[in-house]
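Open the model in your viewer and keep the selection panel at hand. The tour moves from strands to a helix to a loop.

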Amino acid sequence: MSDLLSATTLQHQLNGSEPDRSDERLLQTVKNYWGFSELRPLQEEAIAAELSHRDSLVVLPTGGGKSLCYQAPPAVAGRTDIVVSPLISLMKDQVDGLLQCGYPAAALHSGLTPNELRSAEGQAAEGRLRLLFVAPERLLSSRFLELAARLEVRAFAIDEAHCISHWGHDFRPEYRQLAQLKERFPDASVHAYTATATERVRTDIVNQLGLEEPTVLVGTFDRPNLVYRVLPRVDRLQQIADVIDRHAGEAVIVYCISRKETEQTAAMLRARGVGAAHYHAGMDREARRSTQETFADETLDVVTATVAFGMGIDRSDVRCVVHSAMPKSIEHYQQETGRAGRDGLPAECVLLYSAADVLRWQSLVERSASQGEVSAEAKAATSELLIHMRRYASSMSCRHRTLSEYFGQAYEASSCGACDVCLEEVEGVADATSAAQKILSCVARVEQRFGATHVTSILLGADTEAVRRWDHQQLSTWGLLEGEDRKRLTSMIYQLIDQGVLERTAGERPILKLNEASWQVMRGELSVRLVMPKAKLRRTKADKESWDGVDRGLFENLRELRRDIALERGVPAYVVFGDESLRQMARELPSTVTEFLQIHGVGQQKLADFGERFLERIAECRQRSGAS
Ligand code: ADP
Ligand code: ZN
């Protein structure tokens with residue numbers, strides 16, 4: 001293809017024309033390797049800090065584009081920088097992605113064979129790499145120190161830097177050694193990256209790493225392309241099935257609380273004809289790897305997983321993240337939902353919430369504290385995180401606002417147009433106070449000695465063994481809510497607990513108890529609000545608009561091509577091209593190399609490697625639709 005050649009020549013001319021304007025060189029580098037035509041907020045400042053060897057702390061939300069901040073500088077400066085990263089899978093995916101862009105990078109970790117390790121070290125020693133990823137426990141080994149000295153390393157980037165702080169939500173003891181970096185490499189600058197926002201953790205990172213007058217950059221935590229929904233959990237499996245129906249053929253992650261639940265949920269979805277697989281830490285390595293890989297290469301749509309899944313998975317076209325229960329902190333929630341919509345296109349986050357989740361976490365915290373597994377300090381920190389998460393889930397204020405404010409940022413808009421509250425999707429139960437009075441008086445009738453299941457049975461007028469044993473058909477509240485759905489009624493009970501007008505004891509056999517507020521409700525002095533999920537939720541306007549002008553048939557066709565290429569190369573599909581690139585191709589139908597280079601995500605290497613095949617596929621489709 002002669003077009004291809006001329007574009008490459010053009011690039012050389014551009015490279016030669018203005019080599020000394022550093023910001024231009026930066027933009028050129030970014031376009032060449034990654035095919036991005038501009039930098040995101042704060043990326044420029046973060047890159048400048050690395051280029052000028054000024055220590056920095058960069059706080060950007062998940063998906064905010066932290067990696068580019070440490071990937072670009074060594075490419076611009078022609079040096080080798082070191083990146084410390086906590087997980088092998090994270091390093092591996094980043095290196096894969098970089099190599100597809102023609103960017104020389106390698107990783108040193110325990111997952112490599114001795115030969116691979118030697119080869120990576122060899123490449124590094126010859127100065128051929130721009131980035132070398134290394135696991136924290138390897139950093140201070142004499143072997144690595146020698147290599148780093150030979151390379152005269154001038155900059156270290158610490159990914160997931162919050163792992164150094166025990167105030168964070170993901171403390172890793174091996175990160176503590178990073179405190180020695182500054183002493184060992186007095187001439188190098190250190191750059192910390194994290195998505196964790198609390199002030200305490202940030203201060204801790206700066207202190208532990210010994211950063212000197214660091215440039216501190218804190219990005220916007222709001223993710224406007226995400227729609228947040230919190231639904232009262234009434235019928236878990238049915239509610240998950242409904243969400244998945246809205247995302248047919250798209251990538252979805254469903255976070256479950258137990259291993260068993262991941263299996264059960266995946267089986268339910270498969271029975272409905274959805275391509276789904278489960279993932280949890282109890283599976284053998286091979287099975288886990290297979291789920292991860294089929295998800296990454298887009299042959300699998302839905303993964304039902306415990307939180308063991310995700311770190312290191314950055315398939316960028318995840319259109320929905322479902323939580324079947326409440327996570328234990330907003331940081332966790334932000335990180336897990338952060339896996340949705342990393343390509344910037346609309347995506348949805350659904351949390352199925354019940355106050356039972358809060359009680360469950362609380363008893364876990366209590367138990368590990370009583371067994372001496374955690375310090376009083378750590379217990380207090382955990383409880384505090386839990387309170388904030390609960391407040392988010394049970395409140396009726398804008399989700400975007402609540403999240404932003406939690407991360408210490410004001411949220412300007414009065415309505416976000418992208419959460420269940422602002423979209424007015426939450427449906428109040430008619431006569432909620434009267435239903436609450438019936439529930440509470442039933443708790444009073446059984447003398448506050450029974451749990452939620454039995455109270456529910458009585459209210460429904462059920463003929464269970466327990467009801468018969470206690471002769472509870474005789475109670476005036478027996479059958480008081482006859483005809484109500486059991487799951488809805490259970491949800492109402494937990495909502496009352498959440499609002500503090502009903503209590504549930506801790507322990508193996510929790511019992512419902514009344515408090516002062518319960519009596520106020522029964523006396524009619526206090527009213528309550530109960531909500532139920534709306535029957536059918538629709539896709540949002542922004543979501544629909546993101547498809548404007550896109551030839552859906554061609555888009556699917558290009559996705560297949562992407563999948564084929566990914567399989568040929570043994571890399572995750574998203575490293576070939578993201579959805580945004582494919583949608584743009586299917587909208588603008590580029591027919592020349594110059595037009596193709598204008599597409600988001602098309603850099604020199606990808607143009608050379610894939611340009612011809614994509615252009616051909618687009619031309620074929622054009623011809624076919626032109627002919628018909
Ligand atoms: P983080 O590490 O902060 O979670 P990433 O570095 O993985 O985020 O970036 C998230 C996504 O944004 C990636 O798909 C990345 O390619 C893309 N991205 C980063 N910087 C830019 C940019 N300047 N323009 C367009 N896309 C970008
Ligand atoms: Zn809102």
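**Stop one: strand E5**

Select Val83 and Ala157: Ala157, in E5, is the bridge partner of Val83. This is a predicted model, where local features need pLDDT of at least 70, side-chain atom pairs count only at pLDDT 80 or more, and totals for chains, interfaces and linings use all residues. Residues are numbered from 1 along each chain as its sequence is written, chains are lettered from A and ligands numbered from 1 in the order in which they are written, and side-chain values use heavy atoms, without hydrogens and water.

Now show E2 (residues 81–84), which runs parallel to E5 and is joined to E5 by three bridges. Strands (E, at least two residues) and helices (H or I, at least four) are DSSP runs, numbered from the N terminus. Two strands pair if DSSP finds at least two bridges between them.

Add E6 (residues 189–194): E5 and E6 pair in the parallel sense over four bridges. Ile158 stands opposite Ala192 in E6.

Which way do the E5 side chains point? Ala155 and Ala157 point one way, Phe156 and Ile158 the other, and all are buried. Buried means under 20% relative accessible area, exposed over 50%, partly exposed in between (1.4 Å probe, protein chains only).

**Stop two: Asp357**

Go to helix H14 (residues 355–370), which holds Asp357. Asp357 is buried, at 3% relative accessible area. Leaving out residues up to four places away in sequence, Asp357 touches Arg233, Ala325, Met326 and Leu352. Contact means heavy atoms within 4.5 Å.

**Stop three: Ala413**

Select Ala413, in the loop between helix H16 (399–406) and strand E14 (427–428). Ala413 is partly exposed, because its relative accessibility is 34%. Add Arg401: Ala413 and Arg401 are 12 residues apart in sequence and 8.4 Å apart in space, C-alpha to C-alpha.
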